Amino acid sequence: MRKKVLVVGGAGYIGSHTCLLLAERGYEPVVFDNLSNGHEEFVRWGPFEQGDIRDKARLDEVFAKHQPEAVLHFAALIEVGESVKNPVAFYDNNVTGALTLLSATMDAGIKAFVFSSTCATYGLPERVPLDEGHPQAPINPYGRTKWIVEQALKDFSNYKDLKSVMLRYFNAAGADFEGRIGEWHKPETHAIPLAIEAALGRRQGFKVFGTDYNTRDGTCVRDYIHILDLADAHVRAVDYLLSGGETVELNLGTGTGTTVKELLDAISKVSGRPFPVEFAERREGDSTTLVANNDKAREVLGWQPRYTLEDIISSAWRWHSTHNAER
Ligand SMILES: NC(=O)c1ccc[n+]([C@@H]2O[C@H](COP(=O)([O-])OP(=O)(O)OC[C@H]3O[C@@H](n4cnc5c(N)ncnc54)[C@H](O)[C@@H]3O)[C@@H](O)[C@H]2O)c1
(Lines give C-alpha, C1' and ligand atoms only; values in the text may rest on other atoms or scores of the structure.)
Protein backbone atom coordinates (compact mmCIF):
# COMPACT_ATOMS: atom_id res chain seq x y z
CA MET A 1 0.00 0.00 0.00
CA ARG A 2 1.21 3.51 -0.79
CA LYS A 3 2.28 5.65 2.17
CA LYS A 4 -0.10 8.56 2.71
CA VAL A 5 1.23 12.06 3.26
CA LEU A 6 -0.83 15.15 4.05
CA VAL A 7 -0.11 18.01 1.67
CA VAL A 8 -1.42 21.15 3.36
CA GLY A 9 -1.91 23.89 0.79
CA GLY A 10 -1.68 21.22 -1.92
CA ALA A 11 -4.19 22.99 -4.19
CA GLY A 12 -1.71 25.85 -4.66
CA TYR A 13 1.22 26.31 -7.02
CA ILE A 14 4.12 24.57 -5.26
CA GLY A 15 1.98 22.08 -3.34
CA SER A 16 0.22 20.76 -6.46
CA HIS A 17 3.51 20.20 -8.31
CA THR A 18 4.83 18.39 -5.25
CA CYS A 19 1.73 16.13 -5.29
CA LEU A 20 2.54 15.23 -8.90
CA LEU A 21 6.02 14.00 -7.94
CA LEU A 22 4.92 12.40 -4.65
CA ALA A 23 2.45 10.26 -6.62
CA GLU A 24 5.09 9.40 -9.22
CA ARG A 25 7.42 8.25 -6.44
CA GLY A 26 4.92 5.96 -4.73
CA TYR A 27 3.23 8.18 -2.12
CA GLU A 28 -0.48 8.96 -1.89
CA PRO A 29 -0.81 12.74 -1.43
CA VAL A 30 -3.92 13.78 0.51
CA VAL A 31 -4.53 17.48 -0.09
CA PHE A 32 -5.84 19.71 2.72
CA ASP A 33 -6.64 23.24 1.54
CA ASN A 34 -9.23 25.95 2.20
CA LEU A 35 -9.11 27.03 -1.47
CA SER A 36 -8.55 30.67 -0.46
CA ASN A 37 -5.85 30.82 -3.11
CA GLY A 38 -5.82 27.27 -4.42
CA HIS A 39 -7.65 25.57 -7.26
CA GLU A 40 -9.62 22.38 -6.87
CA GLU A 41 -8.70 21.32 -10.42
CA PHE A 42 -5.05 21.21 -9.29
CA VAL A 43 -5.90 18.33 -6.94
CA ARG A 44 -5.32 15.44 -9.35
CA TRP A 45 -3.09 12.93 -7.62
CA GLY A 46 -4.98 11.98 -4.46
CA PRO A 47 -7.99 12.74 -2.27
CA PHE A 48 -9.06 16.27 -1.38
CA GLU A 49 -10.12 17.43 2.08
CA GLN A 50 -11.35 20.99 2.27
CA GLY A 51 -10.53 22.78 5.51
CA ASP A 52 -8.65 25.57 7.20
CA ILE A 53 -5.42 25.09 9.15
CA ARG A 54 -6.80 27.24 11.95
CA ASP A 55 -9.59 24.69 12.48
CA LYS A 56 -8.09 22.09 14.84
CA ALA A 57 -11.23 19.92 14.97
CA ARG A 58 -11.28 19.61 11.17
CA LEU A 59 -7.56 18.80 11.12
CA ASP A 60 -8.02 16.11 13.82
CA GLU A 61 -10.81 14.57 11.73
CA VAL A 62 -8.64 14.46 8.59
CA PHE A 63 -5.65 13.00 10.46
CA ALA A 64 -7.87 10.29 11.99
CA LYS A 65 -9.42 9.45 8.61
CA HIS A 66 -6.21 9.24 6.55
CA GLN A 67 -3.46 8.51 9.10
CA PRO A 68 -0.68 10.09 7.05
CA GLU A 69 2.96 9.34 7.88
CA ALA A 70 4.24 12.83 7.17
CA VAL A 71 2.95 16.37 6.70
CA LEU A 72 4.10 18.87 4.07
CA HIS A 73 3.02 22.39 4.95
CA PHE A 74 2.66 24.84 2.04
CA ALA A 75 -0.42 26.78 3.20
CA ALA A 76 0.29 30.44 3.82
CA LEU A 77 -0.42 33.95 2.68
CA ILE A 78 2.54 34.74 0.45
CA GLU A 79 2.42 38.27 -0.89
CA VAL A 80 5.08 40.45 0.76
CA GLY A 81 3.39 43.78 -0.07
CA GLU A 82 0.09 42.54 1.36
CA SER A 83 1.88 41.49 4.58
CA VAL A 84 2.88 45.11 5.17
CA LYS A 85 -0.70 46.31 4.64
CA ASN A 86 -2.37 43.56 6.66
CA PRO A 87 0.13 41.97 9.06
CA VAL A 88 -2.60 40.65 11.38
CA ALA A 89 -3.96 38.38 8.64
CA PHE A 90 -0.43 37.09 7.99
CA TYR A 91 0.25 36.31 11.65
CA ASP A 92 -3.16 34.67 11.92
CA ASN A 93 -2.77 32.47 8.85
CA ASN A 94 0.97 31.83 8.82
CA VAL A 95 1.74 31.65 12.55
CA THR A 96 -1.51 30.73 14.35
CA GLY A 97 -2.43 28.44 11.45
CA ALA A 98 0.96 26.72 11.44
CA LEU A 99 0.88 26.24 15.24
CA THR A 100 -2.60 24.75 15.06
CA LEU A 101 -1.47 22.41 12.30
CA LEU A 102 1.65 21.48 14.28
CA SER A 103 -0.39 20.75 17.34
CA ALA A 104 -2.76 18.48 15.34
CA THR A 105 0.26 16.82 13.70
CA MET A 106 1.84 15.99 17.05
CA ASP A 107 -1.51 14.89 18.55
CA ALA A 108 -1.78 12.44 15.66
CA GLY A 109 1.63 11.00 16.58
CA ILE A 110 3.31 12.12 13.36
CA LYS A 111 7.05 12.76 13.58
CA ALA A 112 7.88 14.09 10.11
CA PHE A 113 7.12 17.64 8.92
CA VAL A 114 8.30 19.49 5.81
CA PHE A 115 7.92 23.27 5.93
CA SER A 116 7.84 25.84 3.11
CA SER A 117 10.17 28.55 4.30
CA THR A 118 11.81 31.24 2.25
CA CYS A 119 15.02 33.13 1.55
CA ALA A 120 13.02 36.15 2.82
CA THR A 121 13.92 34.94 6.34
CA TYR A 122 17.50 36.12 5.69
CA GLY A 123 16.51 39.73 5.06
CA LEU A 124 19.09 41.89 3.33
CA PRO A 125 22.09 39.72 2.44
CA GLU A 126 25.43 40.42 4.10
CA ARG A 127 27.09 38.06 1.64
CA VAL A 128 26.09 36.10 -1.46
CA PRO A 129 25.56 33.34 -2.27
CA LEU A 130 23.50 32.89 0.89
CA ASP A 131 24.22 29.81 2.95
CA GLU A 132 22.03 28.49 5.76
CA GLY A 133 24.38 29.97 8.38
CA HIS A 134 23.71 33.51 7.14
CA PRO A 135 22.01 35.57 9.91
CA GLN A 136 18.23 35.65 9.69
CA ALA A 137 16.82 39.17 9.94
CA PRO A 138 13.63 39.34 7.86
CA ILE A 139 12.56 42.83 6.81
CA ASN A 140 8.80 42.37 6.41
CA PRO A 141 5.94 40.65 8.26
CA TYR A 142 5.77 37.83 5.67
CA GLY A 143 9.42 36.89 6.27
CA ARG A 144 8.99 37.21 10.03
CA THR A 145 6.00 34.84 10.13
CA LYS A 146 8.10 32.19 8.35
CA TRP A 147 11.07 32.82 10.69
CA ILE A 148 8.82 32.40 13.75
CA VAL A 149 7.54 29.05 12.51
CA GLU A 150 11.14 27.93 11.94
CA GLN A 151 11.89 28.74 15.62
CA ALA A 152 8.84 26.75 16.75
CA LEU A 153 9.95 23.81 14.61
CA LYS A 154 13.40 23.82 16.23
CA ASP A 155 11.83 23.80 19.71
CA PHE A 156 9.40 21.03 18.77
CA SER A 157 12.31 19.03 17.38
CA ASN A 158 14.31 19.43 20.60
CA TYR A 159 11.50 18.97 23.10
CA LYS A 160 8.69 17.11 21.29
CA ASP A 161 10.59 14.81 18.92
CA LEU A 162 8.91 16.23 15.81
CA LYS A 163 11.55 16.18 13.07
CA SER A 164 11.34 18.71 10.29
CA VAL A 165 12.97 19.84 7.09
CA MET A 166 12.68 23.59 6.63
CA LEU A 167 13.07 24.38 2.96
CA ARG A 168 14.05 27.96 2.21
CA TYR A 169 13.00 28.54 -1.38
CA PHE A 170 14.48 31.16 -3.64
CA ASN A 171 12.33 32.10 -6.68
CA ALA A 172 10.00 29.25 -7.57
CA ALA A 173 9.15 29.32 -11.27
CA GLY A 174 8.02 27.25 -14.26
CA ALA A 175 5.34 24.58 -14.55
CA ASP A 176 4.58 20.94 -15.19
CA PHE A 177 6.00 20.14 -18.66
CA GLU A 178 2.71 18.50 -19.68
CA GLY A 179 0.83 21.74 -18.97
CA ARG A 180 -1.66 20.20 -16.50
CA ILE A 181 -0.88 22.61 -13.66
CA GLY A 182 1.06 25.86 -13.44
CA GLU A 183 1.62 29.11 -11.60
CA TRP A 184 -1.78 30.60 -10.84
CA HIS A 185 -1.64 33.26 -8.14
CA LYS A 186 -4.27 35.94 -7.79
CA PRO A 187 -3.13 38.63 -7.84
CA GLU A 188 0.10 37.64 -9.58
CA THR A 189 3.23 39.42 -8.36
CA HIS A 190 6.00 37.13 -9.63
CA ALA A 191 8.23 38.32 -12.47
CA ILE A 192 7.99 35.38 -14.89
CA PRO A 193 4.19 35.09 -15.07
CA LEU A 194 3.87 38.89 -15.24
CA ALA A 195 6.31 39.11 -18.17
CA ILE A 196 4.67 36.19 -19.96
CA GLU A 197 1.25 37.79 -19.53
CA ALA A 198 2.77 40.93 -21.11
CA ALA A 199 4.15 38.89 -24.01
CA LEU A 200 0.70 37.35 -24.45
CA GLY A 201 -0.79 40.85 -24.66
CA ARG A 202 -2.86 40.36 -21.50
CA ARG A 203 -0.93 43.11 -19.70
CA GLN A 204 0.25 46.43 -21.04
CA GLY A 205 3.92 45.67 -20.44
CA PHE A 206 6.42 44.85 -17.75
CA LYS A 207 7.86 47.26 -15.18
CA VAL A 208 11.48 46.92 -14.04
CA PHE A 209 12.15 48.48 -10.63
CA GLY A 210 15.66 49.93 -10.53
CA THR A 211 18.39 50.00 -13.16
CA ASP A 212 21.21 51.38 -11.00
CA TYR A 213 21.99 48.36 -8.84
CA ASN A 214 25.58 47.20 -8.56
CA THR A 215 25.10 44.20 -10.90
CA ARG A 216 26.30 43.36 -14.42
CA ASP A 217 23.49 45.33 -16.10
CA GLY A 218 22.13 47.42 -13.22
CA THR A 219 19.02 45.29 -12.54
CA CYS A 220 18.43 42.96 -9.57
CA VAL A 221 19.73 39.40 -9.61
CA ARG A 222 17.50 36.49 -8.57
CA ASP A 223 17.86 32.71 -8.41
CA TYR A 224 14.99 31.08 -10.35
CA ILE A 225 14.42 27.43 -9.59
CA HIS A 226 12.13 25.13 -11.56
CA ILE A 227 9.06 24.07 -9.63
CA LEU A 228 9.75 20.38 -10.35
CA ASP A 229 13.25 20.72 -8.90
CA LEU A 230 11.61 22.16 -5.78
CA ALA A 231 9.05 19.34 -5.79
CA ASP A 232 11.84 16.78 -6.12
CA ALA A 233 13.54 18.18 -3.01
CA HIS A 234 10.25 17.84 -1.06
CA VAL A 235 9.86 14.18 -1.95
CA ARG A 236 13.47 13.60 -0.91
CA ALA A 237 12.83 15.49 2.32
CA VAL A 238 9.94 13.12 3.13
CA ASP A 239 12.13 10.08 2.32
CA TYR A 240 14.87 11.56 4.52
CA LEU A 241 12.60 12.12 7.53
CA LEU A 242 10.88 8.75 7.22
CA SER A 243 14.26 7.07 7.28
CA GLY A 244 15.23 8.80 10.53
CA GLY A 245 16.74 12.11 9.33
CA GLU A 246 17.32 14.90 11.84
CA THR A 247 15.81 18.39 11.72
CA VAL A 248 17.55 20.57 9.19
CA GLU A 249 17.11 23.80 7.25
CA LEU A 250 18.06 23.79 3.58
CA ASN A 251 18.24 26.37 0.83
CA LEU A 252 16.56 25.48 -2.42
CA GLY A 253 17.93 27.47 -5.31
CA THR A 254 20.10 26.72 -8.31
CA GLY A 255 23.09 28.79 -7.17
CA THR A 256 22.94 30.75 -10.44
CA GLY A 257 21.77 34.33 -10.61
CA THR A 258 19.83 35.94 -13.46
CA THR A 259 19.31 39.69 -13.81
CA VAL A 260 15.85 41.05 -14.57
CA LYS A 261 17.05 42.18 -18.00
CA GLU A 262 18.48 38.74 -18.78
CA LEU A 263 15.19 37.19 -17.68
CA LEU A 264 13.15 39.48 -19.95
CA ASP A 265 15.46 38.78 -22.91
CA ALA A 266 15.08 35.04 -22.35
CA ILE A 267 11.28 35.36 -22.19
CA SER A 268 11.18 37.37 -25.45
CA LYS A 269 13.41 34.76 -27.09
CA VAL A 270 11.50 31.68 -25.92
CA SER A 271 8.10 33.22 -26.66
CA GLY A 272 9.15 34.91 -29.88
CA ARG A 273 7.06 37.88 -28.79
CA PRO A 274 8.77 41.10 -27.70
CA PHE A 275 6.75 43.21 -25.25
CA PRO A 276 6.95 46.76 -23.85
CA VAL A 277 9.25 47.21 -20.86
CA GLU A 278 9.12 50.27 -18.60
CA PHE A 279 12.12 51.17 -16.43
CA ALA A 280 11.13 52.68 -13.07
CA GLU A 281 12.74 53.73 -9.77
CA ARG A 282 13.94 51.17 -7.24
CA ARG A 283 11.30 49.64 -4.98
CA GLU A 284 11.78 49.68 -1.20
CA GLY A 285 12.93 46.39 0.32
CA ASP A 286 14.33 44.78 -2.85
CA SER A 287 17.76 43.19 -2.32
CA THR A 288 20.36 43.66 -5.03
CA THR A 289 21.23 39.98 -5.32
CA LEU A 290 19.55 36.88 -3.90
CA VAL A 291 21.33 33.68 -4.88
CA ALA A 292 21.46 30.42 -2.95
CA ASN A 293 24.39 28.38 -1.84
CA ASN A 294 22.71 24.97 -2.24
CA ASP A 295 25.59 22.73 -1.08
CA LYS A 296 23.75 21.58 2.03
CA ALA A 297 20.62 20.44 0.16
CA ARG A 298 22.83 18.54 -2.29
CA GLU A 299 24.64 16.84 0.56
CA VAL A 300 21.71 16.05 2.88
CA LEU A 301 19.11 15.09 0.26
CA GLY A 302 21.35 13.91 -2.59
CA TRP A 303 19.42 16.50 -4.60
CA GLN A 304 20.50 18.63 -7.49
CA PRO A 305 18.55 21.02 -9.68
CA ARG A 306 18.12 19.62 -13.19
CA TYR A 307 16.29 22.29 -15.13
CA THR A 308 17.56 25.42 -16.86
CA LEU A 309 16.12 28.90 -17.16
CA GLU A 310 14.92 27.98 -20.67
CA ASP A 311 13.06 24.97 -19.21
CA ILE A 312 11.48 27.28 -16.65
CA ILE A 313 10.35 29.78 -19.25
CA SER A 314 9.16 27.28 -21.85
CA SER A 315 7.11 25.30 -19.31
CA ALA A 316 5.65 28.52 -17.86
CA TRP A 317 4.90 29.75 -21.36
CA ARG A 318 3.05 26.55 -22.15
CA TRP A 319 0.86 26.89 -19.06
CA HIS A 320 0.09 30.59 -19.44
CA SER A 321 -0.57 30.48 -23.16
CA THR A 322 -3.16 27.74 -22.65
CA HIS A 323 -4.73 29.05 -19.41
CA ASN A 324 -5.82 32.54 -18.53
CA ALA A 325 -4.72 32.93 -14.92
CA GLU A 326 -6.71 36.18 -14.65
CA ARG A 327 -10.02 34.35 -14.85
N1 LIG B 1 6.09 31.05 -4.81
C2 LIG B 1 7.32 31.28 -4.35
O3 LIG B 1 8.23 31.71 -5.11
C4 LIG B 1 7.67 31.01 -2.90
C5 LIG B 1 8.94 31.38 -2.44
C6 LIG B 1 9.28 31.11 -1.11
C7 LIG B 1 8.37 30.47 -0.27
N8 LIG B 1 7.13 30.14 -0.73
C9 LIG B 1 6.20 29.46 0.21
O10 LIG B 1 5.72 28.28 -0.42
C11 LIG B 1 4.38 28.01 0.01
C12 LIG B 1 3.50 27.76 -1.20
O13 LIG B 1 3.53 28.90 -2.06
P14 LIG B 1 2.70 28.95 -3.41
O15 LIG B 1 3.40 29.86 -4.32
O16 LIG B 1 2.38 27.56 -3.83
O17 LIG B 1 1.37 29.68 -2.88
P18 LIG B 1 -0.17 29.40 -3.25
O19 LIG B 1 -0.94 30.57 -2.75
O20 LIG B 1 -0.31 29.00 -4.67
O21 LIG B 1 -0.50 28.12 -2.34
C22 LIG B 1 -0.84 28.21 -0.98
C23 LIG B 1 -2.05 27.30 -0.76
O24 LIG B 1 -2.39 27.32 0.64
C25 LIG B 1 -3.80 27.44 0.77
N26 LIG B 1 -4.06 28.09 2.06
C27 LIG B 1 -3.71 29.35 2.43
N28 LIG B 1 -4.14 29.58 3.68
C29 LIG B 1 -4.76 28.45 4.11
C30 LIG B 1 -5.41 28.07 5.32
N31 LIG B 1 -5.56 28.95 6.34
N32 LIG B 1 -5.93 26.83 5.42
C33 LIG B 1 -5.83 25.94 4.38
N34 LIG B 1 -5.23 26.26 3.21
C35 LIG B 1 -4.71 27.49 3.07
C36 LIG B 1 -4.24 28.27 -0.43
O37 LIG B 1 -5.60 28.07 -0.77
C38 LIG B 1 -3.29 27.76 -1.52
O39 LIG B 1 -3.84 26.65 -2.21
C40 LIG B 1 3.96 29.19 0.86
O41 LIG B 1 4.09 28.82 2.22
C42 LIG B 1 4.95 30.28 0.50
O43 LIG B 1 5.17 31.15 1.58
C44 LIG B 1 6.75 30.40 -2.02
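Thr18 counts as buried because its relative accessibility is 0%, where buried means under 20% relative accessible area, exposed over 50% and partly exposed in between, using a 1.4 Å probe and protein chains only. This is a predicted model, in which local features need pLDDT of at least 70 and side-chain atom pairs count only at pLDDT 80 or more, while totals for chains, interfaces and linings use all residues. Residues are numbered from 1 along each chain as its sequence is written, and side-chain values use heavy atoms, with hydrogens and water left out.

Let's stay with Thr18 for a moment. Thr18 sits in helix H1; helices (H or I, at least four residues) and strands (E, at least two) are DSSP runs, numbered from the N terminus. Leaving out residues up to four places away in sequence, Thr18 touches Leu72, Phe74, Ala231 and His234, with contact meaning heavy atoms within 4.5 Å.

Now for the overall layout. The protein chain splits into domain 1 (3-173 + 225-252) and domain 2 (191-222 + 255-322), with bounds that come from an automatic or database domain assignment. Their centres, taken over C-alpha atoms, are 24 Å apart, and 28 residues of domain 1 are in contact with 24 residues of domain 2.

Next, the interior. A nonpolar core is a set of buried Ala, Val, Leu, Ile, Met, Phe, Trp, Tyr and Cys residues joined through side-chain atoms within 4.5 Å. The largest one has 45 residues, and Val5, Ile14, Leu72, Val165, Leu230 and Leu252 touch the most other members. Helix H7 (residues 227-242) provides the largest share of this core, 10 residues. Both domain 1 and domain 2 contribute at least three residues each to this core. A second, separate core of 24 residues includes Leu194, Leu200, Tyr224 and Trp317.

On to the ligand. Of the 30 residues around the ligand, Asp33, Asn93, Tyr142, Lys146 and His185 come nearest; a residue is near a molecule or strand if one of its heavy atoms lies within 4 Å of it. Helix H1 (13-24), strand S5 (112-118) and helix H5 (141-160) each supply at least two residues of this shell, and S5 gives the most, with three residues. Some N or O pairs are listed here.

| Ligand atom | Protein partner | Distance |
|---|---|---|
| oxygen | Gly12, polar backbone atom | 3.1 Å |
| nitrogen | Asn34, polar backbone atom | 3.1 Å |
| oxygen | His185, side-chain N or O atom | 2.8 Å |

The protein covers 97% of the 830 Å² of accessible area that the ligand has on its own; accessible areas come from the Shrake-Rupley method with a 1.4 Å probe, and for residues only the protein chains shown count as cover.

Two further residues deserve a look. Asn94 lies in helix H4 (residues 87-107) and is buried, with a relative accessible area of 4%. Its side chain makes a polar contact of 3.3 Å with the side chain of Thr145; such a contact is a pair of N or O atoms within 3.5 Å, where within protein one must be able to donate a hydrogen and the other to accept it, and residues adjacent in sequence count only if both atoms are side-chain atoms. Apart from neighbours within four places in sequence, Asn94 is in contact with Ala76, Leu77, Tyr142, Thr145 and Val149.

Gly123 belongs to the loop between S5 and H5 and is buried at 8% relative accessible area. Beyond its neighbours within four places in sequence, Gly123 is in contact with Ala137, Pro138, Ile139 and Ser287.
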